[in-house]
Amino acid sequence: MPTGTQSLVLTKYDPDAPTGSGFWHWSVFNIPATATGLAEGAGNPGGTLPAGAQQLNNEGGQPGFVGACPPVGDKAHRYVFTLYALSGKLDLPAGTTPAVLGFMMNGQVLAKTSLTAYYGR
C-alpha cells in the first residue's frame, strides 16, 4: 500500500454490457486503509462492510453487488475489478453515480490495480 493511503475504493465494471456506456456492478468507497479484505457477501443485503465504507447504487438502482449476467449467446464479457488507494476520504451525497465517484477521486489516487475476469453464457 502506498505511503499516505487514507482510504480505498473498489469498483466492478462491465465495459462490454450492451448499453453504450457499460454497466457498473459495484462501487464501494471509504474502505479503511487498514482493511485487508472484505467479508464474504459484503456487497449483499445484510452483508458487512468495514466500518466507514459505503456503497453506491449499481446500475440496477440499488446499493450492493450485482453478479455477472451477460446476455445469453453474447461473447464473454469483461468484468474489471479495480482497487484504488486514495490520499483522503470522500464525502459523497446519496445518489452519487459511479461516474461521479471517478471524477471525485481525481487527484487523490496514489495507486490502482485491476483484475479482469471473463464470463459468458
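In the predicted model, the side chain of Asn57 reaches the backbone oxygen of Gly61 at a distance of 3.3 Å. Asn57 is located in the loop that runs between strand S3 (54–55) and strand S4 (77–86). With residues up to four places away in sequence left out of the count, Asn57 touches Gln62, Pro63 and Pro98. The relative accessible area of Asn57 is 33%, so this residue is classed as partly exposed, a category that lies between the limits of 20% and 50%. Asn57 and Lys75 are separated by 18 residues in sequence, and their C-alpha atoms lie 26 Å apart in space.

A search of the whole structure for aromatic pairs yielded two. Tyr13 and Trp24 form a tilted pair, with 4.4 Å from centre to centre and an angle of 40° between the planes. Tyr13 belongs to strand S1 (residues 7–14) and Trp24 to strand S2 (residues 23–32); the pair therefore ties together parts that are 11 residues apart in sequence. Trp26 and Phe65 form an aromatic pair of the edge-to-face kind, with 5.3 Å from centre to centre and 85° between the planes. This pair links distant parts of the chain, as Trp26 lies in strand S2 and Phe65 in the loop between S3 and S4, 39 residues apart.

The accessibility of Trp26 and Phe65 was also computed. Trp26 has a relative accessibility of 8% and therefore counts as buried, the limit for this class being under 20%. Phe65, at 33% relative accessibility, counts as partly exposed.

A further set of contacts involves Gln108, which is placed in the loop between H1 and strand S5 (109–119). The side chain of Gln108 reaches the backbone nitrogen of Gly88 at 3.1 Å. When residues up to four places away in sequence are not counted, Gln108 touches Ala85, Leu86, Ser87, Gly88, Lys89 and Leu90. Gly88 is thus named both as the backbone partner of the Gln108 side chain and among the residues that Gln108 touches.

On the surface, Val100, Phe103 and Met104 form a nonpolar patch, and together these residues have about 290 Å² of accessible area. Met104 is part of helix H1 (residues 98–105). The relative accessible area of Met104 is 37%, so Met104 is partly exposed. This value is compatible with membership of the patch because patches are made of residues with over 30% relative accessible area.

Note on methods
Residues numbered from 1 in each chain as written. Predicted model: local features only at pLDDT ≥ 70, side-chain atom pairs only at ≥ 80, totals over all residues. Heavy atoms only, no water. Patch = residues over 30% accessible without salt bridge, like charges linked within 9 Å, V, L, I, M, F, W, Y side chains within 5 Å. Areas by Shrake-Rupley, 256 points an atom, 1.4 Å probe, with all protein chains shown as cover. Salt bridge = Lys/Arg side-chain N within 4 Å of Asp/Glu carboxyl O. Helix = DSSP H or I, 4+ residues; strand = E, 2+ residues; numbered from the N terminus. Buried < 20%, exposed > 50% of the residue type's maximum accessible area, 1.4 Å probe, protein only. Polar contact = N/O pair within 3.5 Å; in protein donor to acceptor, adjacent residues only side chain to side chain. Contact = heavy atoms within 4.5 Å. Phe/Tyr/Trp six-rings, centres within 6.5 Å; stacked < 30°, edge-to-face > 60°.
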